[in-house]
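This report walks through the fold of a single chain, beginning with its interior and ending with a few individual residues. Please keep the sequence and the structure in view while reading.

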Amino acid sequence: MDASAPQIAADLERRILDAIRRGASMEDIADIKESDVATPDAAIQSLKDGNARFFSGQATRPEMSANERRAQIMGQTPYAAILACSDSRVPVELVFDQGLGQLFVVRVAGNVVGEAGLGTLEYAIRHLDVHLVVVMGHEACGAVAAALLPEERVAEEPHHLQNLIRRIQPSLQAMPAIRDKKARMREAVLNNVRYQVSLLRDEPVIREAEAAGQIRVIGAYYEIGSGAVDFLVDEEDLRP
């Protein structure tokens with residue numbers, strides 16, 4: 001992107017203030033707020049740039065003026081939808097240094113694909129015109145760790161939690177023998193990300209949107225310790 005995030009925000013604020021002085025309606029003001037991310041590749045680059053700012057300690061923490069917040073009442077224009085884990089250590093907007101209205105986030109333990117989450121992503125694709133869908137796992141994911149436990153341990157958990165864990169287990173059936181525990185967990189989380197991506201890509205609405213070039217579906221892995229996100233973009237990286 002040619003302009004920096006602060007420059008874009010300042011320009012948007014100026015245009016909104018000019019519109020207010022002209023007596024513009026809330027609908028007119030809302031129309032000013034258009035996403036400057038218009039393609040799947042641009043969406044990926046924007047997330048990469050934002051994460052680079054975050055893990056290097058240069059996050060801009062995009063803030064909105066009162067006028068910008070009021071303009072958002074009329075509608076939203078997120079450019080990417082993120083299926084992420086509910087883990088409190090994974091604040092998605094902060095990790096990607098994005099502001100209000102830029103990301104459409106679905107969070108569930110283990111970043112698993114379920115009915116409610118799938119419907120939410122379909123809404124984002126059909127009605128919000130997002131350009132990117134990201135399944136993001138993370139370092140030290142408790143849900144994935146639970147899916148690695150013996151079945152008798154899983155059976156001790158409450159019914160709905162068991163069902164969630166079992167949505168992860170198929171991704172771990174062909175896990176290689178890795179002695180290093182940290183490396184094994186990373187591989188398990190990545191396997192789950194790839195598996196959940198494959199489930200999404202099999203859904204008709206998502207498959208059709210990706211085939212038409214409207215969206216891309218990719219994976220990501222967030223390292224809590226460093227703050228860095230590794231992106232799984234190429235087909236070889238995404239293959240379960």
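Which residues have the most contacts inside the largest nonpolar core, and how many residues does this core have? In this predicted model, the largest nonpolar core has 41 residues, and those with the most contacts inside it are Ile125, Val133, Ile168 and Leu200. Helix H10, which spans residues 181-201, supplies the largest share of this core, namely seven residues. Apart from this core lies another one, of 22 residues, which includes Ala43, Ile82, Ile218 and Tyr222. In soluble globular proteins, nonpolar side chains tend to be buried together.

The surroundings of Leu200 can be followed in detail: leaving aside residues up to four places away in sequence, Leu200 touches Leu83, Val113, Leu118, Leu121, Val133, Val135, Ile206 and Val217. For the chain as a whole, residues 24 or more positions apart account for 69% of the contacts with a separation of 6 or more. Of the 240 residues in the chain, 44% are buried, while the accessible surface comes to about 12300 Å², of which 50% belongs to carbon and sulfur atoms.

As for secondary structure, the chain contains twelve helices and five strands. An open sheet of five strands is arranged in the order E2-E1-E3-E4-E5, and its pairing is mixed. Strand E2 (103-107) and strand E5 (229-232) stand at the edges with a single partner strand each, so one side of each is left without a neighbour in the sheet. On average, and with direction ignored, neighbouring strands of this sheet are turned by 25° against each other. Strand E1 (residues 80-84) runs parallel to E2 and is joined to it by five bridges, and Ala84 stands opposite Arg107 in E2.

Where is asparagine 51 found, and which residues does it touch? Asparagine 51 is found in helix H3, residues 40-55, and it touches Val95, Phe96, Gly227, Ala228 and Val229, not counting residues up to four places away in sequence. Its relative accessibility is 2%, and because buried means under 20%, asparagine 51 counts as buried. The polar contacts of its side chain are with backbone atoms of two residues, as set out below.

| Side chain | Backbone partner | Distance |
|---|---|---|
| Asparagine 51 | Oxygen of glycine 227 | 2.9 Å |
| Asparagine 51 | Nitrogen of valine 229 | 2.9 Å |

Valine 229 belongs to the range given for strand E5 (229-232), so the contact between the side chain of asparagine 51 and the backbone nitrogen of valine 229 links helix H3 with that edge strand.

Two loop residues deserve a separate look for their backbone angles. Asparagine 111 lies in the loop between E2 and helix H6 (115-127), and its phi is near 40°, a positive value in a residue other than glycine. Alanine 140 lies in the loop between strand E3 (132-138) and helix H7 (142-147), and its phi, likewise positive in a residue other than glycine, is near 60°. Are these residues buried or exposed, or in between? Asparagine 111 is buried, with a relative accessible area of 2%, whereas alanine 140, at 43% relative accessibility, counts as partly exposed.

Technical notes. Residues numbered from 1 in each chain as written. Predicted model: local features only at pLDDT ≥ 70, side-chain atom pairs only at ≥ 80, totals over all residues. Heavy atoms only, no water. Core = buried A, V, L, I, M, F, W, Y, C linked by side-chain atoms within 4.5 Å. Buried < 20%, exposed > 50% of the residue type's maximum accessible area, 1.4 Å probe, protein only. Helix = DSSP H or I, 4+ residues; strand = E, 2+ residues; numbered from the N terminus. Contact = heavy atoms within 4.5 Å. Pairing = 2+ DSSP bridges. Axes fitted to C-alpha atoms, helices over the stretch in contact; angles between N-to-C directions. Areas by Shrake-Rupley, 256 points an atom, 1.4 Å probe, with all protein chains shown as cover. Polar contact = N/O pair within 3.5 Å; in protein donor to acceptor, adjacent residues only side chain to side chain.
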